[in-house]
Amino acid sequence: MDSEHLAPARPHGRAAADLTRVRVAHRAILADIERLAGLLAALAAAAEPAEPARAEAIAGYVHRYNDVVRGHHREDEILWPVVLDAVPDAAEAVAGIVRFVADHEALDALRADCDAVAARFAAEPGRHAGRLAGLLADQRDLLAAHLEAEEEHVLPVIAGQVPAAAYAAAQARIRRADRSADPAWSRAWLLSHATEDEARRLLPAGGGGPAVLEPQLRAYAAEASAVFAG
């Protein structure tokens, strides 16, 4: 998609869609795949394999991370039609979307392999660290290119052409359709990558703010420390 053609300036007076959630999600996805790939590369190069408890913690984190990213990609089933309704050249938009769908299919295959090898890593960390490191690095590289293209071509379309109310309604449908295995973990993971202002935007009105979720955030922080700090 060419954002110069598909995202002209927003009509005067029309509110812009709030892209806080998707921008934080992109940041979180890239930050975590980077540190997971780096962690496994270091473990693969280490003289001694990871301790069994840490290997299990790492594998569990990989599984939960992959589940969150799958959920992020499932959002497209709801969001793409909203984008297509808003753009003047649907044919050009569809051509761009085909590329993103192909990326998702490749990423789905990588995550399936990654989950399978993570389970083996939990049982035999010394034997499977190298393979898991390679799969995470492949996923990192594809995610980086994919999300960069979304930031460059898709988000400007949404900001410039999708009405704020239509985008908010789509986001509400996405939240209702959430099929993540551990929604509490997903929420704490996302908020851990958000600024204080972003966290306020991400939480529902009247929800009591981040303090209400403090136990979940502490639990996530403890898990992340066990995985990445060792």
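What follows is a chat about the helices of a predicted model.

Trainee: Let's start broad. How many helices and strands does the chain have?

Mentor: Ten helices and zero strands. Remember that this is a predicted model.

Trainee: And the order of elements from the N terminus?

Mentor: It runs α-α-α-α-α-α-α-α-α-α.

Trainee: What share of the chain is buried?

Mentor: Buried residues are 45% of the 230 residues. The accessible surface is about 11000 Å². Carbon and sulfur atoms hold 56% of that surface.

Trainee: What about contacts between residues 24 or more positions apart?

Mentor: Take the contacts with a separation of 6 or more. Residues 24 or more positions apart account for 85% of them.

Trainee: On to packing. How do H2 and H3 cross?

Mentor: H2 covers residues 20–45. Its axis comes within 11 Å of the H3 axis, and the two cross at roughly 150°. Angles over 145 degrees count as roughly antiparallel, so H2 and H3 are roughly antiparallel to each other.

Trainee: Left-handed or right-handed?

Mentor: The crossing of H2 and H3 is left-handed.

Trainee: Which residues make that contact?

Mentor: From H2, they are Val22, Ala25, His26, Ile29, Asp32, Ile33, Arg35, Leu36, Leu39, Leu40 and Leu43. From H3, they are Arg54, Ile58, Tyr61, Val62, Tyr65, Val69 and His72. By class, the contact of H2 with H3 has 13 nonpolar, two polar and three charged residues.

Trainee: Does H3 meet H6 head to tail, or what? Put better: at what angle do H3 and H6 cross?

Mentor: Roughly 25°. H3 is residues 52–74, H6 is residues 125–161, and their axes come within 13 Å. Angles under 35 degrees count as roughly parallel, so H3 is roughly parallel to H6. The crossing of H3 and H6 is left-handed.

Trainee: Which residues meet there?

Mentor: H3 brings Ala55, Tyr65, Asn66, Val69, His72 and His73. H6 brings Pro125, Gln139, Leu143, His146 and Glu150. The contact of H3 with H6 splits into five nonpolar, five polar and one charged residues.

Trainee: Back to H2. What is its packing angle with H10?

Mentor: About 35°, with the axes of H2 and H10 11 Å apart. Asp32, Arg35, Leu36 and Leu39 of H2 touch Tyr220, Ala224, Val227 and Phe228 of H10. The contact of H2 with H10 has six nonpolar, no polar and two charged residues.

Trainee: New topic, H8. Which of its residues are buried?

Mentor: H8 spans residues 183–192. Its buried residues are Trp185, Ser186, Ala188, Trp189, Leu190 and Leu191.

Trainee: What do the buried residues of H8 pack against?

Mentor: H2, H3, H9 and H10. H9 is 196–202, and H10 is 214–228.

Trainee: Where is Glu75?

Mentor: In the loop between H3 and H4, the helix at 76–86.

Trainee: Why does Glu75 count as buried?

Mentor: Its relative accessibility is 15%, and buried means under 20%.

Trainee: How far is Glu75 from Ile174?

Mentor: They are 99 residues apart in sequence. In space, C-alpha to C-alpha, Glu75 and Ile174 are 6.0 Å apart.

Trainee: Last one, Ala116. Which helix is that in?

Mentor: H5, residues 90–123. Ala116 counts as partly exposed because its relative accessibility is 31%.

Trainee: And what separates Ala116 from His63?

Mentor: Along the chain, 53 residues. Their C-alpha atoms are separated by 9.3 Å.

Notes
Residues numbered from 1 in each chain as written. Predicted model: local features only at pLDDT ≥ 70, side-chain atom pairs only at ≥ 80, totals over all residues. Heavy atoms only, no water. Axes fitted to C-alpha atoms, helices over the stretch in contact; angles between N-to-C directions. Helix = DSSP H or I, 4+ residues; strand = E, 2+ residues; numbered from the N terminus. Parallel < 35°, antiparallel > 145°, perpendicular 65-115°, else oblique. Left-handed = near helix turned anticlockwise from the far one by under 90°. Contact = heavy atoms within 4.5 Å. Nonpolar A, V, L, I, M, F, W, Y, C, P; charged D, E, K, R; others polar. Buried < 20%, exposed > 50% of the residue type's maximum accessible area, 1.4 Å probe, protein only. Areas by Shrake-Rupley, 256 points an atom, 1.4 Å probe, with all protein chains shown as cover.
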